[in-house]
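Hi,

Here's the structure I promised to pass on. Have a look first, and my notes follow underneath.

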Amino acid sequence: MLDYDAVRTRFGIREGMMTAPGRCQVAVIGGGFTGASLARLLALKSGMTGCVAVFEPRPELGRGLAYDCADDALRLNVASHRMRALPGAPDAFHNWLIRTGRLESDPAGRAADGAFYARRGDFGRFMSEEMQSLVQTGLVRHVRERVQNLARDGRGWLLHGDQGSVIHADEVVIATTHPDPRTPQALAGALEGHPRFLGAGDSWHRLDAASPQDRILVLGAGLTALDAIASLRSRGHKGEIVLLSRSGRLPQTQALGTLPAYGTFTDPRPATALALLREVREAIADATGEGLPWQSVFDSLRQQGQALWQALSEPEQQRFMRHLKRRFETHRYRMPPQISALLSHEMRHGGVRNLAGQICRVERSTNAIHVDIITRPQGMVERQSVQWVMIATGPDYGGLIGSQPYLQSLADARLIRPDIHGMGLDVDQHCRALRRNGLPVDNLFVAGPLTRGRFGELTGAPEIAAQVETLAGHLAARLATAARIDV
Ligand SMILES: Cc1cc2nc3c(=O)[nH]c(=O)nc-3n(C[C@H](O)[C@H](O)[C@H](O)COP(=O)(O)OP(=O)(O)OC[C@H]3O[C@@H](n4cnc5c(N)ncnc54)[C@H](O)[C@@H]3O)c2cc1C
């Protein structure tokens, strides 16, 4: 029996807020692309109302962090015909763009080779529309709350939302992805609360207050940092933007044209990170000899990525993480042609500077923030005086468990553990969470980028869609078995 008083006290639930405990068979925590896709497939497979509940505080399911944006300057980094978001309907998104007139009304989306790079917000709208009909028919229940706590309840689970909902589920899937970036120590102390400092999670709308000529320091040089440049320029900002990252490596550009993936790396699979690197170099040389760009080789690596990653032993995976990860990522996660054109223009005309180095000191004055940087490889201290500083680095992988009270309580109960590379949560081949002792929890699953430590390549929408398709099949089979047993 549920002890309501204990629940009220522990989670600060006020009188009158608690709803009667509901039930569902599968509760999904997080309704971004991963959670929504899984809920959609499961609802379609089971066809039962009330079977799937998704906890997601955002008003719409399917958008999540990446696609919940109204900024037209932010585009997908793959062409729309390659998004393959809905298993079994690879052209669904592209056809939706045609049907809704977006392909026509957004000429800036068209690259020189004719491929269309849609606005990220449009992809979010497409996913959200897919989910709306399921929510309206009751096949998916959208609980607009953050899960605060997840605890054992007999053989199932009890989920506590931050607005008072308490739901019992037979199975739970974690799909809340990685936490926001961490503000580096040197900045955190000096700029806490500064009106012109945009830390992790701060809305970029605050940049509307920037004067057109303000200098801006962006921490990070990945796709999010490039988003920041596109977003600023689309707001009419003209001042210099300085990108700062440890390596100074920028994402590479997509190749134009419809090109085949090139290279087979799985026969046999390289057993070491070095052997993999050698094979990739050879494949690039061969591809070039056949008139294909290196991007074709990385497209092939992407397709075989999960098999390749899992063929490496843990020490070899660690070697990859130490020596090759950043270089791999800049080639794998490429910028769309529109951003590439903008960046080359800006760099040619002095609008954007890209620095490698580390912050050693930060000072505030009335009109500026002074940031001293030890540059690489020179090791000299260079001062950048800017009006704004913004964080656009990658997620705080190491802070994952502490970032969510429900994950912390699962870890305290020894029901989850971080993966060995610190990229997410440890899971088995079936996406079941692994306890601290390494044994799986039978009815607790993890989906999406949080499982990269196990599977490797699992960031892009097509790979996530493929993973949740398998997981939905597995869960649907479990539900069918449970139903037969109940009868
Ligand atoms: C900026 C960006 C651009 C990208 N562009 C592309 C692209 O062009 N092409 C491509 O293939 N891939 C792209 N990706 C990669 C990929 O599609 C996304 O990472 C993917 O959307 C991940 O979805 P997700 O649902 O796992 O995570 P998220 O989208 O982050 O969703 C997680 C959801 O969980 C919710 N949540 C968090 N905590 C709780 C809680 N306690 N209770 C309930 N809900 C909670 C959040 O509100 C959020 O909506 C991009 C990723 C990013 C970040």
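Salt bridges first: a search of the whole structure, which is a predicted model, turns up 33 of them. Three pairs seem worth pulling up on your screen.

Start with Asp106 and Arg119, whose closest N and O atoms sit 3.4 Å apart. Both partners are in the loop between H5 and H6, 13 residues apart. Asp106 is buried, with just 3% relative accessible area, and Arg119 is buried too at 18%. This pair also belongs to something bigger: Asp72, Arg75, Arg102, Asp106, Arg119 and Asp122 are linked in a network of salt bridges.

Next, Glu346 pairs with Arg233, with 2.9 Å between the closest N and O atoms. Glu346 is in helix H13 (residues 337–348) and Arg233 in helix H8 (residues 223–234), so this bridge ties together parts that are 113 residues apart in sequence. Glu346 counts as buried at 10% relative accessible area, and so does Arg233 at 16%.

The third is Glu463 with Arg302, at 2.6 Å from N to O. Here the link runs between helix H16 (residues 461–486), which holds Glu463, and helix H10 (residues 294–311), which holds Arg302, with the two positions 161 residues apart. Again both ends are buried: Glu463 has 11% relative accessibility and Arg302 has 14%.

Now for the surface. Which arginines gather there in a patch of positive charge? They are Arg249, Arg281, Arg326 and Arg327. Arg326 lies in helix H12 (residues 325–332) and is partly exposed, because its relative accessible area is 31%, between the 20% and 50% cut-offs.

On cysteines: how many disulfides does the structure hold? The count is 0. For two of the cysteines, Cys69 is buried at 17% relative accessible area, whereas Cys360 is partly exposed at 39%.

Last, a couple of loop residues. Thr49, in the loop between helix H2 (33–46) and strand S2 (52–55), is exposed at 57% relative accessible area. Its C-alpha atom is 8.3 Å from that of Arg141, although Thr49 and Arg141 are 92 residues apart along the chain. Pro107 is in the loop between helix H5 (102–105) and helix H6 (120–136) and is exposed as well, at 62% relative accessibility. The C-alpha atoms of Pro107 and Glu363 are separated by 44 Å, with the two residues 256 apart along the chain.

Cheers

Methods:
Residues numbered from 1 in each chain as written. Predicted model: local features only at pLDDT ≥ 70, side-chain atom pairs only at ≥ 80, totals over all residues. Heavy atoms only, no water. Patch = residues over 30% accessible without salt bridge, like charges linked within 9 Å, V, L, I, M, F, W, Y side chains within 5 Å. Areas by Shrake-Rupley, 256 points an atom, 1.4 Å probe, with all protein chains shown as cover. Salt bridge = Lys/Arg side-chain N within 4 Å of Asp/Glu carboxyl O. Lys, Arg positive; Asp, Glu negative; His and termini not counted. Charge placed at Lys NZ, Arg CZ, Asp CG, Glu CD. Helix = DSSP H or I, 4+ residues; strand = E, 2+ residues; numbered from the N terminus. Buried < 20%, exposed > 50% of the residue type's maximum accessible area, 1.4 Å probe, protein only. Disulfide = S-S within 2.5 Å.
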